[in-house]
Amino acid sequence: MLETSYRYEIKMNESNRNLTIEAKSLKVYFPVTKGIISDKVIAWIKALDGIDLSITKGQIVGIVGESGSGKTTLAKIFLLLEKATEGKVLFNGKDLYNLNKKELKEYRQSVQAVFQDPFASLSPRLKIKEIIAEPIIVSKKLSKNDIEYKVADLLRLVGLDPILMEVFPHELSGGQRQRIAIARALSTGADLIILDEPTSALDVSVRLQIINLLMDIQKQMGLGYLLIGHDLAMVSYMSTHIGVMYLGRIMEFSETKDLLKNTFHPYTKALFSASLPTHPKHKKISIMLSGEIPNPIDIPSGCRFYPRCLEKKLICTQKEPSLLCVGDKHLVACHLYTDE
């Protein structure tokens, strides 16, 4: 169990909010312009091109895919750092872009983030206690003493000594800084934390410590995580569900256990064949894809994966497959599993 003081444990148990975030037919297009004065739009970068995804409190949804597949753009949408071109984002059934001031404040408190590089995400001018206390001051009316108590409790929660409140980020190691980032994300009583490559900037020896810390916190508090990563072993270990993205769309989505046993989409098979085996004695069939992910300005017609697919059919060049159920809540967008 995590070491947590009585004062902070009481405060955390006060939050019994339900949380559901849904993306429906979500599209995010960025304009490509030409000209200095007129800025004429000549093309669109389709970062997200029709995403349907639901995350509830208590779930850990992992999103994997190559660079350029749209994973980070999806995270930015949920963090209100980008706005959808089309489609909806629902927060407990309400359109995120139509929330009133009070509801928007509740959303910002409920959804927090831990980014890839802890050094870049922490202000070098602030002491650790100021970094963690800032969201508390904004979101809750507490006395100065109560804020210090809460900061100390948060540091204990992430496995750090409260004496570190008085130091600056540059005085800490990478693993300690990432623990500070986690403590800051928890400071508002968040229900969903977006983890954008949370261990990729850390030494190998520290990664497992941070992963286990995140898992312990999730189990203790019932949080939801949206986990974005390239490390399939890490995502498979942590996630309850996995979505595989390619060029702005989800190609396969399922519970993690089912996906690891029954991989359907050719792209998912290739991704997992390139990952490290779960055991040294386990043998894998290597699947080598030709070429690189296409330019999102010029997405291939039909199935966007067909130029690299080893199992493509004629219809793959003509019609884009829909995300359909091929098993018990196992979704895949591939013509290999349609009547056509």
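Let us begin with a term for how open a residue is: buried means under 20% relative accessible area, exposed means over 50%, and partly exposed lies in between, using a 1.4 Å probe and protein chains only. Glu 166 is partly exposed, with a relative accessible area of 39%.

The structure you are looking at is a predicted model, in which local features need pLDDT of at least 70, side-chain atom pairs count only at pLDDT 80 or more, and totals for chains, interfaces and linings use all residues. Residues are numbered from 1 along each chain as its sequence is written, and side-chain values use heavy atoms, with hydrogens and water left out.

Now to the sheets. Helices (H or I, at least four residues) and strands (E, at least two) are DSSP runs, numbered from the N terminus. Two strands pair if DSSP finds at least two bridges between them. Strands of a sheet pair through backbone hydrogen bonds, either parallel or antiparallel.

One open sheet has eight strands in the order β6-β7-β8-β3-β9-β10-β12-β11, with mixed pairing. Strands β6 and β11 (324-325) stand at its edges with a single partner strand each, so one side of each has no neighbour in the sheet. Start at the β6 end: β6 (residues 111-114) and β7 (residues 192-196) pair in the parallel sense over four bridges. Within this pairing, Val 111 has Leu 192 of β7 as its bridge partner. Which way do the residues of β6 point? Val 111 and Ala 113 point one way, Gln 112 and Val 114 point the other way, and all are buried.

Further along the order, β10 and β12 (residues 331-332) run antiparallel and are joined by two bridges. Here Phe 253 has Leu 331 in β12 as its bridge partner. Strand β10 (residues 249-255) also holds Glu 252, a residue worth a pause. Glu 252 is buried yet has no salt bridge, and the nearest side chain of opposite charge, Lys 269, is 8.1 Å away. For that statement, Lys and Arg count as positive and Asp and Glu as negative, while His and the chain ends are not counted. A salt bridge is a side-chain nitrogen of Lys or Arg within 4 Å of a carboxyl oxygen of Asp or Glu. The side chain of Glu 252 does make a polar contact of 2.8 Å with the side chain of Thr 268. A polar contact is a pair of N or O atoms within 3.5 Å; within protein, one must be able to donate a hydrogen and the other to accept it, and residues adjacent in sequence count only if both atoms are side-chain atoms.

Another open sheet is made of four strands in the order β2-β1-β4-β5, with antiparallel pairing. Its edge strands are β2 and β5 (94-95), and each pairs on one side only. Strands β1 and β4 pair over five bridges in the antiparallel sense, and Ile 21 stands opposite Phe 91 in β4.

How many salt bridges does the structure hold? There are 11 salt bridges in the structure. One of them joins Glu 86 and Lys 27, whose closest N and O atoms are 3.8 Å apart. Glu 86 lies in β4 (residues 86-91) and Lys 27 in β1 (residues 20-34), so this pair ties together parts that are 59 residues apart in sequence. Asp 191 and Lys 57 also meet in a salt bridge, at 3.1 Å from N to O. This pair links the loop between α7 (174-186) and β7, home of Asp 191, with the loop between β2 (40-56) and β3 (60-64), home of Lys 57, 134 residues apart. Asp 191 counts as buried at 2% relative accessibility, whereas Lys 57 counts as partly exposed at 25%. Glu 166, the residue from the opening, forms a salt bridge with Lys 127, with the closest N and O atoms 3.4 Å apart. Elsewhere, Asp 49, Arg 249, Arg 304 and Glu 320 are linked in a network of salt bridges.

Finally, turn to helix α8. Its 18 residues (residues 204-221) should span 26 Å at 1.5 Å a residue, and the end C-alpha atoms are 27 Å apart, which agrees. The expected span is 1.5 Å times one less than the number of residues. Among the buried residues of α8 are Val 206, Ile 210, Leu 214 and Met 221. Just after α8, Gly 222 takes a positive phi of about 70°.
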